Amino acid sequence: QQQQIIQRRSVRTQRQRILALAGLACLMLLLFLTPSIVSHSSIGRSYLINYLAAHGLTADVSSIRIGWLTPLRIKDLKINGKAGSQVAIEQLDLDLMVGDLMSLPYDMGQINLRGVAVACAMHDGKCSLEDDFEALLNSDSGGSPTLADVQLHDVTISMTESVTDQRWTLTQSNASVSITPASTELSVAGVLSEPDGDHGSLQSSLKLTEAVNNKNGDQWSLNLSCESLPISISELLLTRFPDMAIGFPTKIHGDATGTISAAGNSHGSVNATLQNFEIRSLTASRNDTYVWTNERALLNGKLTLEGERVIGEALSAHTDFASATIDGAFSRSFSLTGRKDNPLQWLEAIDGNASAEVDIAALEQSLPGLLPLRSGVTLESGRAIAHLASVPNGNRQQKKLHIDCDAFRAVSRGREFAIDPITLIATVSSNDGQLMAEQFEWRSAFGTAIGSGNLESGSADFKIDFGQLTN
């Protein structure tokens, strides 16, 4: 009897072990099959839809696939925001599996998006995408840095200006975004179409680097190569960044071809290199008043903006009405009466050479309203040629200005009149911080003026033929 009891206990223990093993096997099988269940049922889709809904977004998704050894794939994801933005993604692939998602990695690895369509609107200094996705982007409260390499293929972006309802579209586009704790890099290539149907291609890259210290500020660099790119896109950018629109034309049309490389920081310093950058068929206006036009403008060289200084290295510009070259440093601030930016101070700050030739009549025709002309006056001809030079002279630096103006001919209320040629010559030097106009000379058919002096005292001789001036 004792033996039967022991035998029954042994059988019971064995049965319990078998049940435990079977339960554990079922649990492991269930755990192993959970990703498959999530993928083939509505559980995964419902979770994603509810997650996005918690952040104010309406979503729909066709399928989700993920496994212990299978990376995440989402198909036909559509997201709509309350501000009107729309995002559709045919296929999204992440190099993350169930185990990766459970550990919440900060390195997202490579993210591939294919067949991306985005529609957004610009209004009141914001983009609808920013309004709709702000809560989602700010939902990560962990504060840990994120690493990601995002690749976008077959991208279409439609951007609408809310006030005018005009639309710009970027198609045939591929893009990539690389995110690290210290920097963000973006590159994009595609075809940009403007509202009237004109289009052009672009290839650009942008890098933003966070400052290690406040001395240098946040760094940025931009490379842009374009062919017949519609510059009307600047209207959309000015809607997004209204602070930049002050004094800027509200309507712009034309196209650009060439290459720009630029770099700068958050303190305002900018370095730019332009290579055969050409702007064609430019028209610009503000509030439907004057319409500015220029058929062709060509820019080349290097430009640096640093504090109150403009530095040009072999910088040249050619337009319908003028041509100019700069090779040196010049002050960005100028006034006729200021203590630090009067003509003498401005000339003294020059370190280099510059020249310009301007067809004044063509300038007025291309940029009406720029010159302070009396109402009813029409310029028929007139040209000005200017040269600026910084010349070493012993321990001093002489700054020389030479301006020659051809005869100006104009018509006012049906009456023709002319201004004879004028020549202006000025030489400025600095000695122990003391500014000195060594020479000032003005010559014309109706008079001359010759003088010299400094900011405190000086002398000048004038000769004016009032009879010639009256004629």
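Which residues gather in a patch of negative charge on the surface? In this predicted model, the answer is Asp 60, Asp 76, Glu 90 and Asp 154. Local features need pLDDT of at least 70, side-chain atom pairs count only at pLDDT 80 or more, and totals for chains, interfaces and linings use all residues. Residues are numbered from 1 along each chain as its sequence is written, and side-chain values use heavy atoms, with hydrogens and water left out.

A few terms help in reading that patch. Patches are made of residues with over 30% relative accessible area and no salt bridge, with like charges joined within 9 Å and nonpolar side chains (Val, Leu, Ile, Met, Phe, Trp, Tyr) within 5 Å. Asp and Glu count as negative and Lys and Arg as positive, while His and the chain ends are not counted. A charge is placed at NZ of Lys, CZ of Arg, CG of Asp or CD of Glu. Areas come from the Shrake-Rupley method with a 1.4 Å probe, and for residues only the protein chains shown count as cover. One member of the patch, Asp 76, sits in strand β2 (residues 73-81); helices (H or I, at least four residues) and strands (E, at least two) are DSSP runs, numbered from the N terminus. Asp 76 is partly exposed, at a relative accessible area of 40%. Here buried means under 20% relative accessible area, exposed over 50%, and partly exposed in between (1.4 Å probe, protein chains only).

The surface also has a nonpolar patch of about 310 Å², put together by Tyr 290, Trp 292 and Leu 370. Leu 370 belongs to the loop between α7 (360-366) and β17 (377-381), and with 45% relative accessibility it counts as partly exposed.

Turning to charge pairs, the structure holds nine salt bridges, each being a side-chain nitrogen of Lys or Arg within 4 Å of a carboxyl oxygen of Asp or Glu. One of them brings together the side chains of Arg 240 and Glu 130 (2.8 Å, N to O). Arg 240 is in helix α5 (residues 233-240) and Glu 130 in helix α4 (residues 128-137), so this pair ties together parts that are 110 residues apart in sequence. Glu 130 is partly exposed, with a relative accessible area of 32%.

Asp 255, Glu 278, Arg 280 and Arg 296 are linked in a network of salt bridges. Within it, the side chains of Asp 255 and Arg 280 meet at 2.8 Å, N to O. Asp 255 lies in strand β11 (residues 251-265) and Arg 280 in strand β12 (residues 270-285), so the contact ties together parts that are 25 residues apart in sequence. Asp 255 counts as buried at 18% relative accessibility, whereas Arg 280 is partly exposed at 23%. Glu 278 and Arg 296 also form a salt bridge through their side chains (2.6 Å, N to O). With Glu 278 in β12 and Arg 296 in strand β13 (residues 291-306), the pair ties together parts that are 18 residues apart in sequence. Glu 278 is buried, at 15% relative accessibility, and Arg 296 is partly exposed, at 41%.

Next come the sheets, where two strands pair if DSSP finds at least two bridges between them. Strand β4 (residues 107-123) has several partners. Strand β3 (residues 86-94) runs antiparallel to β4 and is joined to it by eight bridges, with Val 118 of β4 as the bridge partner of Val 87. With strand β6 (residues 147-161), β4 pairs in the parallel sense over 13 bridges, and Asp 107 stands opposite Leu 147 in β6. Two bridges join β4 to the antiparallel strand β5 (residues 126-127), where Cys 127 is the bridge partner of Met 122. The hairpin of β4 and β5 has two residues between the strands, and Asp 124 takes a positive phi near 50 degrees there.

Further along the chain, strands β14 (residues 309-318) and β15 (residues 322-331) pair in the antiparallel sense over eight bridges. Three residues make the hairpin that joins β14 to β15, and Val 310 has Phe 330 of β15 as its bridge partner. Eight bridges also join β15 to strand β16 (residues 351-359), again antiparallel, and Ser 323 stands opposite Glu 357 in β16. Asp 359 is in β16 too. Its C-alpha atom is separated by 6.0 Å from that of Ala 322, 37 residues apart along the chain. Asp 359 is partly exposed, with a relative accessible area of 34%.
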